[in-house]
Amino acid sequence: MEEFLRSCRRTLQENLDRAGPDVHVVLGNEACDVDSMVSAMAFAYFLFKTAGNDLLVLPLMNIRQSDLALRSDSVFLLRRAALPQHLLLFRDQLDLRALRRAGRLRLSLVDHNVLPSSDADLEGAVVEVLDHHQAERTRSPTCPVTVEMVGSCATLVTERIIKVAPQILDQQLAFLLYATVVLDCVNMAAAAGKVTPKDSCYVAELEARFPSLPPRGALFQELQKAKLDVSGLNMEQMLIKDMKAVSGSLNVAVPVIYLSLEELLQRAELEAELSAFCHKSGFDLLLMMTMSFTEREEPIRELAVFSHSSTCREQVSSYLQRAQSPALGLSPAPCLHPLISAFHQGNALASRKKLLPLVQDFLRECDGADCLGDAEEEPVVPPTPTNSLVDGCPLDGGLPRITAEELRGKFDDL
């Protein structure tokens, strides 16, 4: 894998400045979590090994290079796999639109099956999809689509490799795939509601082929600890760390925040921090899913709904409380912040992956019924908090400004 990534950079530099072969980019989703990162690298490597040397294949991380530091579990996994971070290619390092205008771009999507609206002009370049989220793409004879609701997209990549080219698997690639599935499927625990029989099958297959892979439990604990570590991050960074977004009548951000609901609500300047983020990024509403774990590694998921519009908060909250597919089991939680509605979530198995379609359905209903006509009420934005950056954070030099257009296109996870 390391030599493949090095060759990607070399070949890219040699071919971008002159007419050359098509560039086949494998692109994960805009959250760029561990699953998207590893699936992009592994599927690109598979295509490179099986498609012949005349095709330039590149795995592309769908974030800016500066944002990788927020993905603490991804950074940890790369270190464990002995892969230097600087070998990865990021969205701000490759101009996909220039390649598209030159007629040289081919695009495979992994860990999502539709491009966000901000990338709609790249749609004609999509040649294949491999994903584990709810299908939103219309099938086409010119674009093979594999969408299967397994726990991890890396499971589908592993399946493709083992069925078509098992000889390309080595210890490093097997470790990356194995670690990703174990993390996504919460240590393969049925109680977490993520793992499927196919996930279990291919984890066992990797263990059988590579007996020296680390024990699942210990590996999961290491990755989970890295993933949940938000020490040194300010509120904006915690929101961006693992965020998806959907748009319709409202621009809605749906971040997973690795704190308990109680810890989140105890932040002294929470409303000012959230207001500043929405004002900067162009969001009407934040639907925050907090994430923590019991001592038995069972997930605790809770929700906090933030908006300056009481109409938005009340209608979104009411819709989610009535939802049945799935039922979230929401019950009001104590909250002293007037712009936030907080909820305990009785159905701890309903992850953001299952929440996002509910939000999309809500927005579609609102688009048709104009139910948010007064969503502009309460427009006053509290002042930006004074402690906007936390001392000691690896990014305390500040994040590059993120535009509303960049963030509106973000969508699903985990």
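**A parallel sheet, its helices and some details of the loops**

Six strands make up an open sheet whose order is E3-E2-E1-E4-E5-E6 and whose pairing is parallel. The edge strands are E3 (89–90) and E6 (145–147), each of which pairs on one side only. The model in front of the reader is a predicted one, and what follows describes that model, beginning with the sheet.

Within the sheet, strand E1 (residues 23–27) runs parallel to strand E4 (residues 105–110), and five bridges join the two. One point at which this pairing can be followed residue by residue is Leu27, whose bridge partner in E4 is Leu109. Helix H2 (residues 34–51) packs on the sheet and touches E1, strand E2 (56–61), E4 and strand E5 (126–131), with a direction that makes about 180° with that of E2. Helix H5 also packs on the sheet, where H5 touches E4, E5 and E6, and the direction of H5 makes about 110° with that of E5.

H2 itself deserves a second look. Its 18 residues should span 26 Å at 1.5 Å a residue, and the end C-alpha atoms of H2 are 25 Å apart, which agrees with that expectation. H2 is also mostly covered, since 14 of its 18 residues are buried.

Strand E4 offers a residue through which the surroundings of the sheet can be examined, namely Ser108, which lies in this strand. Is Ser108 buried or exposed? Ser108 has a relative accessible area of 0%, and because buried means under 20%, Ser108 counts as buried. The side chain of Ser108 is joined to that of His24 by a polar contact of 2.7 Å. If its neighbours within four places in sequence are left aside, Ser108 is in contact with His24, Val25, Val26, Leu27, Phe43, Leu47, Val127 and Glu128.

The loop between E5 and E6 holds a residue with another setting, Arg139. Arg139 is exposed, with a relative accessible area of 55%, yet a polar atom of its side chain lies 2.7 Å from the backbone oxygen of Val145. Arg139 can also be placed relative to Val129, from which it is 10 residues apart in sequence and 9.9 Å apart in space, taken C-alpha to C-alpha.

Further along the chain, the loop between helix H6 (171–184) and helix H7 (197–209) contains Val186, and Met188 is found in the loop between H6 and H7 as well. Val186 has a positive phi of about 50° although it is not a glycine, and the phi of Met188, near 60°, is likewise a positive value in a residue other than glycine. As for solvent exposure, Val186 is buried, with a relative accessible area of 7%, and Met188 is buried, with a relative accessible area of 12%.

H7, which follows this loop, has 13 residues and reaches 18 Å from its first C-alpha to its last, close to the 18 Å expected at 1.5 Å a residue. Which residues of H7 are buried? They include Asp199, Tyr202, Val203 and Leu206, and these residues cover an arc of only 105° around the axis, which puts them on the same side of H7. The general geometry helps here: an α-helix has 3.6 residues a turn, so residues three or four places apart point the same way. Pro197 and Ala208, by contrast, are exposed on the other side of H7. The buried residues of H7 pack against helix H5 (153–164), H6 and helix H8 (216–228), so that H5, which packs on the sheet, is also among the partners of H7.

A separate pairing is found in strands E7 and E8, which form a hairpin with three residues between them. Strand E7 (residues 243–247) and strand E8 (residues 251–257) run antiparallel and are joined by five bridges, and the bridge partner of Ser247 in E8 is Asn251. E7 is mostly covered, with four of its five residues buried.

A last backbone detail concerns Pro326, which is found in the loop between helix H12 (310–322) and strand E11 (330–332). The peptide bond that leads from Ser325 to Pro326 is cis, with omega near 0°.

Methods
Residues are numbered from 1 along each chain as its sequence is written. This is a predicted model: local features need pLDDT of at least 70, side-chain atom pairs count only at pLDDT 80 or more; totals for chains, interfaces and linings use all residues. Side-chain values use heavy atoms; hydrogens and water are left out. Buried means under 20% relative accessible area, exposed over 50%, partly exposed in between (1.4 Å probe, protein chains only). The expected span of a helix is 1.5 Å times one less than its number of residues. The arc is that of the directions from the helix axis to the C-beta atoms. Contact means heavy atoms within 4.5 Å. Two strands pair if DSSP finds at least two bridges between them. Axes are lines fitted to C-alpha atoms, for helices over the stretch in contact, and angles run from 0 to 180 degrees between N-to-C directions. A polar contact is a pair of N or O atoms within 3.5 Å; within protein, one must be able to donate a hydrogen and the other to accept it, and residues adjacent in sequence count only if both atoms are side-chain atoms.
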